[in-house]
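Please walk me through this protein model, one part at a time. I would like to know how its strands, helices, rings and empty spaces are arranged.

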Amino acid sequence: MQTTRRTFLKTSTAAILGFPAILRAANPNSNLQIAAVGCSGKGFSDISEIGSHGKAKYVGFCDVDSTRFAKADEKFPGVPHFSDFREMFGKLRDGYDAVIVSTPDHMHAPVALEAMRRGKHVYCQKPLTHTVWEARQMRLQAAKSKVVTQMGNQIHSHEAYRTAVKLVHDGAIGKIKEVHSWQGNPGNKYTNLTAPPAPGPVPETLNWDLWVGAATMVDYAPDVYHPFKWRDWQHFGAGTMGDFGCHILDPVFTALELGAPIHLQAESEGLNPYTWPAAETIRYVFPGTKWTAEKTLALTWYDGGRQPDAALAQMGEGTKLPGSGSLLIGEGGTMIIPHVAMPQLYPVERFSAFVIEKVASSSHYHAWVDAVLGGPATTDNFDYAGPLTEAVQLGNVATRFPGARLEWDAPALRIPNHAEATKLLTKTYRDGWQIPAVG
Ligand SMILES: NC(=O)c1ccc[n+]([C@@H]2O[C@H](COP(=O)([O-])OP(=O)(O)OC[C@H]3O[C@@H](n4cnc5c(N)ncnc54)[C@H](O)[C@@H]3O)[C@@H](O)[C@H]2O)c1
C-alpha cells in the first residue's frame, strides 16, 4: 500500500500516542500544509500572520469571490484557487493537514466541522460559530477528532489581556464581585437597515449560492451583505455581541474561569426580525469560581452606546470609561480592561505605588502552528472557545426575548423555561447543508 505523508503521520503518531489523526509531535521538522477558506478581509490577515511562521505552507486558497484572492496571491504566489471548500477538501485529499476558517460567521461551523471530521487541525475566526448548538458541536468534534484548534480572537495572546488575567490571579483587586463589559456599536451599524432591501444583480465574480452556503437562501443585494456588512443580519452574522463579545469577554472568562451561565435576561432597542438590535443590555449570572467573591457572579454586557454607571469604577472626577472594554469590581479595588490597552487599577490613591508587571504578547497565530507541530497546547482551543461562544450566542438568543429571564441547562443544551428561545439555540439549514450532530 502506498504510504502518503498523511497516512505516515497518522500511523506514526498513533503508534507513539495511541490515537489517530493528529500530527502533534509526529515530525516537528516538517512543514504544516494549510488550506485557507476566506481570503480577504480578516482572512488575508490570518493568511499573512499564520504564513509568517517558517513551517506554514499554503496548499489551497478558497474564496467564493474571485476578486478576493489578489492580496493572498501577491504574498504567497502559486497557491491553487478553489471557490467551494468541499471541492478543495476533496481534491487536496491527504495533501493538507490544517485549515484556516475566515468566512462570515454563518459558515464557520459548516467549514470547520467538515475539516475536523476529516482529521484536520483548525484555526477558526471568532465568534467560533453562528449558534449555541454549533459551538457545542465544534467543541465535541474537536475532542472526537483529537485535532489542534484555536479561535481567532488574537487579542487573547496580547499583553493587555494577558496582563489583566495575571492581575486578577495575583489578587491585585481581590476576589471579583461583579463584571460589566461594553462595546459602543449598534447591532446594525453597517447597513442601518431593519428589513432586506430590493434585490440586485449578483456580480459575475461572486458565487452567491456558495456565499449563502448553509443559510437558507436570501436574494443578493449590493453593499448589504458581502463583504463585511453581513454582520448586521441575524441570518449571517451576530451583531455587536457576536463581533466583540468573544474579544472583550475573553480576559474575563480566562481570568475568572467562567463556563456556562445559570440564567440571563436582556433588554434591547430596535428589535426586528432581520437585523440585530440598535442597543442592548444582557445580564448574565454565572456560578462563582475560586476567583469570585460570592457563589454567583453577575456579568452585564452593554452595546449600542450603553455603558455601566461610570461611578462604579471609582476612577475619580472627570475620568471617562473607555469606548469599549470591561470593568471588574473586586473586594479591594476595580480594574478597567480597555479593548485593547493595558489594564488600569482604581481608585488611583490605592494603587499609586502598585507596579503592574506586564505579561508579554505572543503570536496567537504561531501558537496554533507550533501546537500542531508538537509545541505547547493552544489556550484558545475549542474546549475554551466553545463555552465562551455559547455564552455570547446565548446573549443573542436572550436579546430576541426582551425581559424574559432564560434559565440555561448547559448539559442538556436547552432553556427549560422558554420553548421559543430553545428553538433559537439552532437554526434551519438549507437542503444539502444540514450539519449532523456529533455522535
Ligand atoms: N479577530 C479579529 O480581530 C477579526 C476582525 C475582523 C473580522 N473577524 C472575523 O473574520 C471573519 C471574516 O470577517 P471579514 O470582516 O473578513 O468578512 P468579509 O466579508 O470582509 O470577508 C470574508 C471573506 O470570505 C469570503 N467568503 C465568504 N463566504 C465564503 C465561503 N463560503 N467560502 C470561501 N470564502 C468565503 C468572502 O468572499 C471574503 O473574501 C468573521 O468571522 C469575522 O467575525 C475577526
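The tour below goes from a strand to a helix, then to the aromatic rings, and ends with the empty spaces. Keep in mind that this is a predicted model.

Start with strand β7, which covers residues 176–183. Is this strand mostly covered or mostly open? It is mostly covered, with six of its eight residues buried. Now look at its partners. One is strand β11, residues 325–330, and the two strands run antiparallel. Six bridges join β7 to β11. To find the pairing on screen, look for I176, which stands opposite G330 in β11. Another partner is strand β10, residues 296–303. Here the pairing is parallel, again over six bridges. S181 is a good marker, since it stands opposite W301 in β10. A general point helps when you look at strands. In a regular strand the side chains alternate between the two faces of the sheet.

Next comes helix α2, residues 42–51. This helix is also mostly covered: seven of its 10 residues are buried. They are G43, F44, D46, I47, S48, I50 and G51. What do these buried residues pack against? Their neighbours include three strands early in the numbering, β1 (32–37), β2 (56–62) and β4 (98–101). Strand β5 (121–124) is on the list too, as are helices α3 (70–75) and α11 (364–372). As a general rule, an α-helix has 3.6 residues a turn, so residues three or four places apart point the same way.

Now turn to the rings. How many aromatic pairs does the structure hold? There are 17. Take Y284 and F286 as an example: their rings are stacked, 5.6 Å centre to centre, with 25° between the planes. Both Y284 and F286 are buried. Rings can also gather in groups. W208, W211, Y220, Y225, W233 and F236 form one aromatic cluster.

Some rings have a charge sitting over them. The charged end of K120 lies over the ring of Y96, 4.1 Å from its centre. In the same way, the charged end of R231 sits over the ring of F228, at 3.7 Å from the ring centre.

R231 leads us to the empty spaces, for it also helps to line the largest cavity. The structure holds one cavity of 30 Å³ or more. The space in the largest cavity is about 60 Å³. Its lining includes N185, P186, G187, N188, K189 and Y190. D232, G239, T240, D243 and F244 line this cavity as well.

Pause at N188. This residue is found in the loop between β7 and α8 (208–212). Why does N188 count as buried? Its relative accessible area is 7%, and buried means under 20%. Leaving out residues up to four places away in sequence, N188 touches L193, T194, D232, T275, W276, P277 and A278.

Finally, find the largest pocket. About 670 Å³ of space lies in it. The lining is made of 36 residues. Which of them lie nearest the centre of the pocket? They are S40, S102, T103, P104 and W230. Several helices take part in the lining. α2, α5 (108–117), α8 and α9 (239–248) each supply at least two residues. The largest share, three residues, comes from α9. So helix α2, met earlier as a mostly covered helix, is also part of the wall of this pocket.

Methods: Residues numbered from 1 in each chain as written. Predicted model: local features only at pLDDT ≥ 70, side-chain atom pairs only at ≥ 80, totals over all residues. Heavy atoms only, no water. Phe/Tyr/Trp six-rings, centres within 6.5 Å; stacked < 30°, edge-to-face > 60°. Buried < 20%, exposed > 50% of the residue type's maximum accessible area, 1.4 Å probe, protein only. Lys NZ or Arg CZ within 6 Å of the ring centre and 35° of its normal. Helix = DSSP H or I, 4+ residues; strand = E, 2+ residues; numbered from the N terminus. Pairing = 2+ DSSP bridges. Contact = heavy atoms within 4.5 Å. 1 Å grid on protein atoms, 1.4 Å probe; cavity = no way out; pocket = protein on both sides within 12 Å on 5 of 7 lines; lining within 4 Å. Points joined across faces, edges and corners; volume = space filled by probe spheres on them.
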